[in-house]
Amino acid sequence: MLTRFAPSPTGYLHIGHAWSAFFARAIAEKGGGRFILRIEDIDAGRCRPEFIDGIFEDLEWLGLDWVTPVLRQSMHMTRYA
């Protein structure tokens, strides 16, 4: 089983993000699977590096871990074209 949490780095995480991340991680653990983090960074005008850093910091503070490397949607733009 593979679950994911895919926030957009257009602002700081909120309680809804935390709940979604915890839920996805719990489902992966229960199923013996993996939890991945995918950064939805394709909105070049609003995504900022400090928000990406904040996502990592907040999830680590919450005690969550994920499969590395972290996936980034912007790395796959040629596929979408």
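A salt bridge here is a side-chain nitrogen of Lys or Arg within 4 Å of a carboxyl oxygen of Asp or Glu. Glutamate 40 and arginine 38 fit that description, with their side chains meeting at 2.5 Å, N to O. Keep in mind that this is a predicted model. Across the whole structure, a search turns up five salt bridges and three aromatic pairs, and a few of these are worth a walk-through.

**Salt bridges**

- Back to glutamate 40 for a moment: its relative accessibility is 15%, so this residue counts as buried.
- Aspartate 43 pairs up with arginine 46, and their closest N and O atoms sit 3.2 Å apart.
- Aspartate 43 itself is partly exposed, at 31% relative accessible area.
- There's also a network: Arg25, Glu29 and Asp65 are joined into one by salt bridges that share partners.

**Arginine 25 and aspartate 65**

- Within that network, aspartate 65 and arginine 25 form a salt bridge through their side chains at 2.8 Å, N to O.
- Aspartate 65 belongs to the loop between α2 and β3 while arginine 25 belongs to helix α1, so this pair ties together parts that are 40 residues apart in sequence.
- The two ends differ in cover: arginine 25 is buried at 17% relative accessibility, whereas aspartate 65 is partly exposed at 44%.
- If you set aside neighbours within four places in sequence, arginine 25 is in contact with Thr3, Phe35, Leu64 and Asp65.

**Aromatic pairs**

- Tryptophan 19 and phenylalanine 23 have ring centres 5.1 Å apart and planes at 5°, so they count as stacked.
- Both sit in helix α1 (residues 15-30), and because they are four residues apart there, about one helical turn separates them.
- Tryptophan 19 is exposed at 58% relative accessibility, while phenylalanine 23 comes out as partly exposed at 45%.
- Phenylalanine 56 and tryptophan 66 make another stacked pair, with 6.2 Å from centre to centre and 20° between the planes.
- This second pair links helix α2 (residues 49-61), home of phenylalanine 56, to the loop between α2 and β3 (67-72), where tryptophan 66 lies, so it ties together parts that are ten residues apart in sequence.
- Tryptophan 66 counts as buried, with a relative accessibility of 15%.

**Nonpolar surface patch**

- Met1, Trp19, Phe23 and Ile27 make a nonpolar surface patch of about 460 Å².
- Methionine 1 comes from the segment before β1 (2-5) and is exposed, with 55% relative accessible area.
- The stacked rings of tryptophan 19 and phenylalanine 23 are therefore part of this patch too.

**Threonine 10**

- Threonine 10 is in the loop between β1 and α1 and is partly exposed, at 30% relative accessible area.
- Not counting residues up to four places away in sequence, threonine 10 touches Arg46, Cys47 and Phe51.
- One of those, Arg46, is also the salt-bridge partner of aspartate 43.
- From threonine 10 to lysine 30, 20 residues along the chain, the C-alpha atoms are separated by 31 Å.

**A cis peptide bond**

- Most peptide bonds are trans.
- Threonine 68 and proline 69, however, are joined by a cis peptide bond, with omega about 0°.
- Proline 69 lies in strand β3.

Methods:
Residues numbered from 1 in each chain as written. Predicted model: local features only at pLDDT ≥ 70, side-chain atom pairs only at ≥ 80, totals over all residues. Heavy atoms only, no water. Phe/Tyr/Trp six-rings, centres within 6.5 Å; stacked < 30°, edge-to-face > 60°. Helix = DSSP H or I, 4+ residues; strand = E, 2+ residues; numbered from the N terminus. Buried < 20%, exposed > 50% of the residue type's maximum accessible area, 1.4 Å probe, protein only. Contact = heavy atoms within 4.5 Å. Patch = residues over 30% accessible without salt bridge, like charges linked within 9 Å, V, L, I, M, F, W, Y side chains within 5 Å. Areas by Shrake-Rupley, 256 points an atom, 1.4 Å probe, with all protein chains shown as cover.
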